[in-house]
Amino acid sequence: MACNCIVIAREVWDARDLATQVVDEQGEVRASALQTRFEPEDLNALEIALRLKDAQGGKVTVLTFGEAGSVDVPREALYRGADEAHRIDVKRSDVDTQGAAILLAAAIKKLGGADLILLGVTVPEGENSLLGSHLAALLDAEQISYVDSVEKLEGGTVTARRAI
């Protein structure tokens, strides 16, 4: 049975190789001075989705949000094997976790939903790890937290290994 997955990929600023001043005179971060990269936990979610696709067929769609100038994460998602990558164009500082979940839920519905939605647990914008919970509530979906791997998806049932 084919498994269509959506991976929520949060973009984080890559501060590993800073070559320019990234804070302006007002103390605001100059986003244009920084590249973005995948949140490492979301790369794990993408890997799970790609393994399911290899084992069962289907499609992997990556959904992210951020300012339009940044294309690093969608491009990397496609490079790693995702079939589609979509960005919600919004200034990240303008939305909290609940607002992000509302935007993502609307985008998921517009894309036609998925058999499985995956995202990492670490959220650099506040470390509250509630995006998945908010998203599950908005989509009226079941939620499994702290999953290490998904073994199979069959007939609406997920077999997963959980880190506890």
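**Figure 1. Salt bridge between Asp83 and Lys53 in the predicted model.** The side chains of Asp83 and Lys53 form a salt bridge with an N to O distance of 2.9 Å. This pair joins distant parts of the chain, with the two positions 30 residues apart in numbering: Asp83 is in the loop between helix 2 (72–80) and strand 5, and Lys53 is in helix 1. Asp83 is partly exposed, at 37% relative accessibility. Lys53 is also partly exposed, at 21%. By the rule applied here, the model has five salt bridges, and two others are shown in Figures 2 and 3.

**Figure 2. Salt bridge between Arg51 and Glu47 in helix 1****.** The N to O distance between the side chains of Arg51 and Glu47 is 2.9 Å. The two residues are four apart in helix 1, about one turn of the helix. Arg51 has a relative accessible area of 56% and is therefore classed as exposed, whereas Glu47, at 37%, is partly exposed.

**Figure 3. Salt bridge between Arg80 and Glu76 in helix 2****.** The side chains of Arg80 and Glu76 meet at 2.8 Å, N to O. Both residues belong to helix 2, where they are four residues apart, about one turn of the helix. Arg80 is partly exposed, with a relative accessible area of 44%. Glu76 is partly exposed as well, with a value of 23%.

**Figure 4. Surroundings of Ile88 in strand 5****.** Ile88 lies in strand 5, which covers residues 84–89. The relative accessible area of Ile88 is 15%, so the residue counts as buried, the limit being under 20%. Apart from neighbours within four places in sequence, Ile88 is in contact with Leu63, Thr64, Phe65, Gly66, Leu103, Leu104 and Ala107. Of these, Gly66 is 22 residues from Ile88 along the chain, and the C-alpha atoms of the two are separated by 6.3 Å.

**Figure 5. The largest pocket and its lining****.** The largest pocket holds about 1100 Å³ of space. It is lined by 41 residues, and those closest to its centre are Ile117, Leu118, Leu119, Ile144 and Val147. The lining comprises 24 nonpolar, nine polar and eight charged residues. Elements that supply at least two lining residues each are helix 1 (40–56), helix 3 (97–110), strand 6 (116–119), helix 4 (131–138), strand 7 (147–154) and strand 8 (157–162). Helix 1 contributes the most, with six residues.

Note on methods. Residues numbered from 1 in each chain as written. Predicted model: local features only at pLDDT ≥ 70, side-chain atom pairs only at ≥ 80, totals over all residues. Heavy atoms only, no water. Buried < 20%, exposed > 50% of the residue type's maximum accessible area, 1.4 Å probe, protein only. Contact = heavy atoms within 4.5 Å. 1 Å grid on protein atoms, 1.4 Å probe; cavity = no way out; pocket = protein on both sides within 12 Å on 5 of 7 lines; lining within 4 Å. Points joined across faces, edges and corners; volume = space filled by probe spheres on them. Nonpolar A, V, L, I, M, F, W, Y, C, P; charged D, E, K, R; others polar. Salt bridge = Lys/Arg side-chain N within 4 Å of Asp/Glu carboxyl O.
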